[in-house]
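User: Hi, could you walk me through this one in plain words? I'm new to this, so please explain the terms as they come up.
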Amino acid sequence: MENEKTKPSRRKFVAGLGIVSLLSAIGLGIGRKKAIVSCDPDPKKKTIKMLTQDGTLVEIDEDRLSGQRKKITDDELKSFVKKS
């Protein structure tokens, strides 16, 4: 007789536990935004191509450069690049 009395309360407990877990899972899913990952490079940053002293071409962020920039002449370029 005790078994018959405890079955409905167990069923109510399990059903209540299932509902609570379902609501918490739904609540966690609603509040989160999906992160969008872009494969493109950052279009906001501008880069400048520059030649290093060993003769390799590199790209540098424009915001890392400071001061006045000027173009060099061909003669200065020939003497700037060190040949190994």
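Analyst: Let me begin with a definition: a residue is called buried when its relative accessible area is under 20%, exposed when it is over 50%, and partly exposed in between, using a 1.4 Å probe and protein chains only. By that rule L77, with a relative accessible area of 34%, is partly exposed because its value falls in between. This is a predicted model, in which local features need pLDDT of at least 70 and side-chain atom pairs count only at pLDDT 80 or more, while totals for chains, interfaces and linings use all residues. Residues are numbered from 1 along each chain as its sequence is written, and side-chain values use heavy atoms, with hydrogens and water left out.

User: What's the mean pLDDT of the protein chain?
Analyst: The mean is 78, and 79% of the residues reach 70 or more; pLDDT is the predictor's confidence in each residue, from 0 to 100. Among the elements, strand 2 has the highest mean, 90, and helix 1 (residues 2-31) the lowest, 77.

User: And which pattern does the chain follow along the sequence?
Analyst: The pattern reads α-β-β-α, with two helices and two strands in total. Here helices (H or I, at least four residues) and strands (E, at least two) are DSSP runs, numbered from the N terminus.

User: How many bridges join strand 1 to strand 2?
Analyst: Five bridges join strand 1 (residues 47-51) to strand 2 (residues 57-61), and the two run antiparallel; strands pair if DSSP finds at least two bridges between them. L51 stands opposite L57 in strand 2, and in the hairpin, which has five residues between the strands, G55 takes a positive phi near 100°.

User: Switching topic, where is F80, and what does it contact?
Analyst: F80 is in helix 2, as is L77. Leaving aside neighbours within four places in sequence, F80 is in contact (heavy atoms within 4.5 Å) with L51, T52 and Q53. The C-alpha atoms of F80 and G55 are separated by 9.0 Å, although these residues lie 25 apart along the chain.

User: Which residues form the nonpolar patch on the surface?
Analyst: The patch consists of L51, L57, I72, L77 and F80, which together have about 430 Å² of accessible area. Like L77, F80 is partly exposed, at 34% relative accessibility.

Notes:
Patch = residues over 30% accessible without salt bridge, like charges linked within 9 Å, V, L, I, M, F, W, Y side chains within 5 Å. Areas by Shrake-Rupley, 256 points an atom, 1.4 Å probe, with all protein chains shown as cover. Salt bridge = Lys/Arg side-chain N within 4 Å of Asp/Glu carboxyl O.
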